[in-house]
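Let's take a look around a protein model together. Keep the 3D view open while you read, and find each residue as it comes up.

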Amino acid sequence: LREQTGGYESRNLIGSPASLLDKLAFLRRADVDHVCAIQFPHDSVTEMLEHMEWFARDVIAPFQGGRP
């Protein structure tokens, strides 16, 4: 992990579901077993809940299913 290069975006869970799954797979291979401080940028509570549902459906569910 110390050898990671790039800026803020490349070091955080920002991007498409596919890119997030790749980043989570990288972290799993590095024996990271917890990710915290996830924030969902939003303009309303409804939008925040939509982002959380998207993340759960399109990132967490496939990741837990062993895809990466």
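## A salt bridge, a buried ring and a pocket

Counting by the rule used here, there is one salt bridge. Keep in mind that this is a predicted model. The partners are R57 and D58, whose side chains meet with an N to O distance of 2.9 Å.

How open to the outside are these residues? The table puts them next to F55.

| Residue | Relative accessible area | Class |
|---|---|---|
| R57 | 51% | exposed |
| D58 | 23% | partly exposed |
| F55 | 10% | buried |

F55 counts as buried because its relative accessibility is 10%, and buried means under 20%. R57, at 51%, is exposed, since the cut-off for that class is over 50%.

So where does F55 sit, and what does it touch? You'll find F55 in helix 2. Leaving out residues up to four places away in sequence, F55 touches L20, I38, F40 and I60. Now find P17: P17 and F55 are 38 residues apart along the chain, yet their C-alpha atoms are separated by 7.8 Å.

Helix 2 also turns up in the second largest pocket, which has a volume of about 200 Å³. Of the 13 residues lining this pocket, L24, D33, H34, V35 and F63 are the closest to its centre. Which helices help build the lining? Helix 1 (17-29) and helix 2 (45-64) each give at least two residues, and helix 2 provides the largest share, with four. Sorted by class, the lining has nine nonpolar residues, two polar ones and two charged ones.

Terms used. Residues are numbered from 1 along each chain as its sequence is written. This is a predicted model: local features need pLDDT of at least 70, side-chain atom pairs count only at pLDDT 80 or more; totals for chains, interfaces and linings use all residues. Side-chain values use heavy atoms; hydrogens and water are left out. On a 1 Å grid over the protein atoms alone, a cavity is a set of points where a 1.4 Å probe fits but cannot get out, and a pocket is an open set with protein on both sides within 12 Å along at least five of seven lines; lining residues have an atom within 4 Å of a point. Grid points are joined across faces, edges and corners, and a volume is the space filled by probe spheres set on the points. Ala, Val, Leu, Ile, Met, Phe, Trp, Tyr, Cys and Pro count as nonpolar, Asp, Glu, Lys and Arg as charged, and the others, Gly among them, as polar. Buried means under 20% relative accessible area, exposed over 50%, partly exposed in between (1.4 Å probe, protein chains only). Contact means heavy atoms within 4.5 Å. A salt bridge is a side-chain nitrogen of Lys or Arg within 4 Å of a carboxyl oxygen of Asp or Glu.
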